Amino acid sequence: MPDDPSNSDQRVPYQLPMPPDAQAEIVVPSAIPEDDRVWVPQAEGVLFRPLCLNVSQGYWMNLLKVTRSGVLSRHRHPNPVHGFVLKGRWSYLEHDWEATEGSYVYEPPGETHTLVVPDDVDEMITYFQVNGVMYYVDPYGNHTGYEDVFTKIENCRAHYEKNGLGSSYVDQFIR
Ligand code: FE
């Protein structure tokens, strides 16, 4: 019986090898890093901390940190995004809800929104899983730029090369 607590086999590790083609796990002990050099600037007052940069499925997991208030970006999501607010608050101009500390947010494919941090928030940190692309637009949907897992990796490499961590520091997060 697998869940019988008296079963002495309960603490026996799985005895078979992992699939030979499986990737290595990622464990990040200080996901909110003690070393500020790990945060990669992506715009004024906006930084990200990579956790998993998945090049075979085209998504990335990261912490987004914002140290200024006001409008941060307007973007369309062709693919879903999942967010979990760790610190601070934020909202979208297009919706009447506010994402507060401890909130989970699902952003469905097709959604276009404008991210705003309120004036009384000094620092916002949100854990985001972004799939595919961040497609930046003006209020009328005209394309102004994009980010994907590959541009995120390039940003990391350039930043870590400059600040002494070394461009290969990002390799541990790539799968
Ligand atoms: Fe979004």
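Begin by selecting V81, which has its place in strand β5, and keep in mind during the tour that the model on your screen is a predicted one. V81 is buried, because its relative accessible area is 1% and a residue counts as buried when that value is under 20%. Now add M134 to the selection and draw a line between the two C-alpha atoms: V81 and M134 are 53 residues apart along the chain, and their C-alpha atoms are separated by 9.7 Å.

**The whole chain**

Zoom out and colour the model by secondary structure, which should bring up 1 helix and 12 strands. If you follow the chain from the N terminus on, you pass through the strands and arrive at the helix as the final element, in the order β-β-β-β-β-β-β-β-β-β-β-β-α. The C-alpha atoms fill a box of roughly 60 × 40 × 30 Å, taken along the principal axes, and of the 175 residues in the chain, 41% are buried.

**The iron ion**

Which residues coordinate the iron ion? Select H75, H77, E107 and H113, and show their side chains: the three histidines reach the ion through NE2 and the glutamate through OE, at 2.1 to 2.3 Å. The angles among these 4 donor atoms run from 79 to 169 degrees, and the site is irregular. Along the chain, the donors follow the spacing H-x1-H-x29-E-x5-H. H75 lies in strand β4, residues 70-76, while E107 lies in strand β8, residues 104-107, so this pair ties together parts that are 32 residues apart in sequence. Both H75 and E107 are buried.

**Strand β8 and its partner**

Stay with E107 and select the rest of strand β8, where V105 and E107 belong to the covered face, whereas Y104 and Y106 belong to the uncovered one. This fits a general pattern, since in a regular strand the side chains alternate between the two faces of the sheet. Next select strand β5, residues 81-87, which pairs with β8 in the antiparallel sense over 4 bridges; within this pair, G83 stands opposite V105.

**The open sheet**

Move on to the open sheet of 6 strands, in which the order is β7-β6-β9-β4-β11-β12 and the pairing is antiparallel. Strands β7 (98-99) and β12 (143-148) stand at the edges with a single partner strand each, so one side of each is left without a neighbour in the sheet. To look at one edge in detail, select β6, residues 90-92, together with β7: the two pair in the antiparallel sense over 2 bridges, and S91 stands opposite E98 in β7.

**The largest pocket**

How much space lies in the largest pocket? It holds about 320 Å³, and to find its centre you can select Q42, L64, S73, M134 and Y136, which are the closest to that point of the 20 residues that line the pocket. At least two lining residues come from each of β1 (40-43), β3 (59-66), β4, β10 (124-131) and β11 (133-137). If you colour the lining by class, you should count 12 nonpolar, 5 polar and 3 charged residues.

**A last stop**

Finally, select M124 in strand β10, which is buried, with a relative accessible area of 0%. Add V170 and draw one more line, C-alpha to C-alpha: M124 and V170 are 46 residues apart in sequence and 23 Å apart in space.

How values were computed:
Residues are numbered from 1 along each chain as its sequence is written. This is a predicted model: local features need pLDDT of at least 70, side-chain atom pairs count only at pLDDT 80 or more; totals for chains, interfaces and linings use all residues. Side-chain values use heavy atoms; hydrogens and water are left out. Donors are N, O and S atoms within 2.8 Å of the metal (3.2 Å for Na, K and Ca); water is not among the atoms, so sites may look incomplete. Four donors count as tetrahedral if all angles lie between 85 and 135 degrees; four count as square planar and six as octahedral if opposite donors are over 155 degrees apart and all others between 65 and 115; anything else is irregular. Buried means under 20% relative accessible area, exposed over 50%, partly exposed in between (1.4 Å probe, protein chains only). Two strands pair if DSSP finds at least two bridges between them. On a 1 Å grid over the protein atoms alone, a cavity is a set of points where a 1.4 Å probe fits but cannot get out, and a pocket is an open set with protein on both sides within 12 Å along at least five of seven lines; lining residues have an atom within 4 Å of a point. Grid points are joined across faces, edges and corners, and a volume is the space filled by probe spheres set on the points. Ala, Val, Leu, Ile, Met, Phe, Trp, Tyr, Cys and Pro count as nonpolar, Asp, Glu, Lys and Arg as charged, and the others, Gly among them, as polar.
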